[in-house]
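Trainee: Hello! Could we go through this model together, one residue at a time?

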Amino acid sequence: MKMSDTIAAFILDCLSDGGGVAELQRRGLAERFSCVPSQINYVIETRFTPENGYLVESRRGGGGYIRIVRVQDDKQRMLLEAARAVGGQLSQNEAARLLRSFLSIGLLTPREGALLMGACSDGALSEVSPSDRDRLRAAIFRCAVMGVTT
């Protein structure tokens, strides 16, 4: 693995641990990886760009830092809000209606929609008692939609 890949992997781990935000010191990273600070700059400037879904804030100097923030796009934000809005129960018809609306505005691909509809169908949940299906369907729907956003 190249040094750049190693540094990028470390920063990605920091982002994951920090919930999408990492605050690092250029000099500390350079010491950790036994490289020059310009190598850290190179990795940040080429891998953590707005086009790749990151915002970078930097302050140079003795107490300087680099703050990297993973930005969610509008699609992700809308799907997360929709997943959170699903209540404790969801009928097969309600799930189908939600999926059709997600598809019509481009939040899900047709394949994602078909997979999610299959997982939420009464046929897939036939082994579950009818009184528990809508609760389980809501949980599956929520988890699957949130999974699509990551």
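Mentor: Gladly, and please keep in mind that this is a predicted model. Let us begin with glutamate 45, which counts as exposed at 59% relative accessibility.

Trainee: Thanks! In which helix is glutamate 45 placed?

Mentor: Glutamate 45 has a relative accessible area of 59%, so it passes the 50% cut-off for exposed. Its C-alpha atom is separated by 8.8 Å from that of valine 56, 11 residues apart along the chain. As for its place, glutamate 45 is in helix 3.

Trainee: Arginine 26 caught my eye too. Which side chain of opposite charge is nearest to arginine 26, and how far away is it?

Mentor: Start with the location: arginine 26 belongs to helix 2. Arginine 26 is buried, yet has no salt bridge. A salt bridge needs a nitrogen and a carboxyl oxygen within 4 Å. The nearest side chain of opposite charge lies 6.7 Å away, and it is that of glutamate 45.

Trainee: With which side chain does the side chain of arginine 26 make a polar contact?

Mentor: Leaving aside neighbours within four places in sequence, the contacts of arginine 26 include Pro37, Ile40, Asn41 and Arg60. Ser58 and Ile66 are also among them. The polar contact has a distance of 3.0 Å, and the partner is the side chain of serine 58.

Trainee: Serine 58 and isoleucine 66 make me think of the strands. Which residue in strand 3 is the bridge partner of serine 58?

Mentor: Strand 2 covers residues 54-59 and runs antiparallel to strand 3, with 6 bridges joining them. On the other pairing, strand 1 (residues 21-24) and strand 3 (residues 65-70) are antiparallel and joined by 4 bridges. Leucine 24 has isoleucine 66 as its bridge partner in strand 3. For serine 58, the bridge partner in strand 3 is isoleucine 66.

Trainee: Which side chains along strand 1 point to one face and are buried?

Mentor: The side chains alternate along strand 1. Val21 and Glu23 point to the other face and are not buried. That leaves the buried face to Ala22 and Leu24.

Trainee: Now the charged pairs. How many residues apart in sequence are the parts that glutamate 23 and arginine 67 tie together?

Mentor: The side chains of glutamate 23 and arginine 67 form a salt bridge, at 2.6 Å from N to O. Glutamate 23 lies in strand 1 and arginine 67 in strand 3, so the pair ties together parts of the chain that are 44 residues apart.

Trainee: Which residues are linked with Arg67 in a network of salt bridges?

Mentor: Arginine 67 itself is partly exposed, at 23% relative accessibility. The count of salt bridges comes to 6. In the network that holds Arg67, the linked residues are Glu23 and Glu57.

Trainee: Is arginine 137 buried or exposed?

Mentor: Arginine 137 forms a salt bridge with aspartate 122, at 2.8 Å from N to O. This pair links distant parts of the chain, with arginine 137 in helix 7 and aspartate 122 in the loop between helix 6 and helix 7. Aspartate 122 is partly exposed at 31%. At 2% relative accessibility, arginine 137 counts as buried.

Trainee: About how many helical turns separate aspartate 132 and arginine 135?

Mentor: Their side chains meet in a salt bridge of 2.7 Å, N to O. Aspartate 132 is partly exposed at 29%, and arginine 135 is partly exposed at 47%. Because they are 3 residues apart in helix 7, their separation is about one helical turn.

Trainee: How many disulfides does the structure hold?

Mentor: A disulfide is a covalent bond between the sulfur atoms of two cysteines. The cysteine sulfur closest to that of cysteine 14 is in cysteine 35, 14 Å away, which is too far for a bond. Cysteine 35 is buried, with a relative accessible area of 19%. The number of disulfides is 0.

Trainee: One last residue: near what value is phi of serine 34?

Mentor: Serine 34 sits in the loop between helix 2 and helix 3. Serine 34 is exposed, with a relative accessible area of 67%. Its phi is positive, in a residue other than glycine, and is near 50°.

Key: Residues numbered from 1 in each chain as written. Predicted model: local features only at pLDDT ≥ 70, side-chain atom pairs only at ≥ 80, totals over all residues. Heavy atoms only, no water. Pairing = 2+ DSSP bridges. Helix = DSSP H or I, 4+ residues; strand = E, 2+ residues; numbered from the N terminus. Buried < 20%, exposed > 50% of the residue type's maximum accessible area, 1.4 Å probe, protein only. Lys, Arg positive; Asp, Glu negative; His and termini not counted. Polar contact = N/O pair within 3.5 Å; in protein donor to acceptor, adjacent residues only side chain to side chain. Contact = heavy atoms within 4.5 Å. Disulfide = S-S within 2.5 Å.
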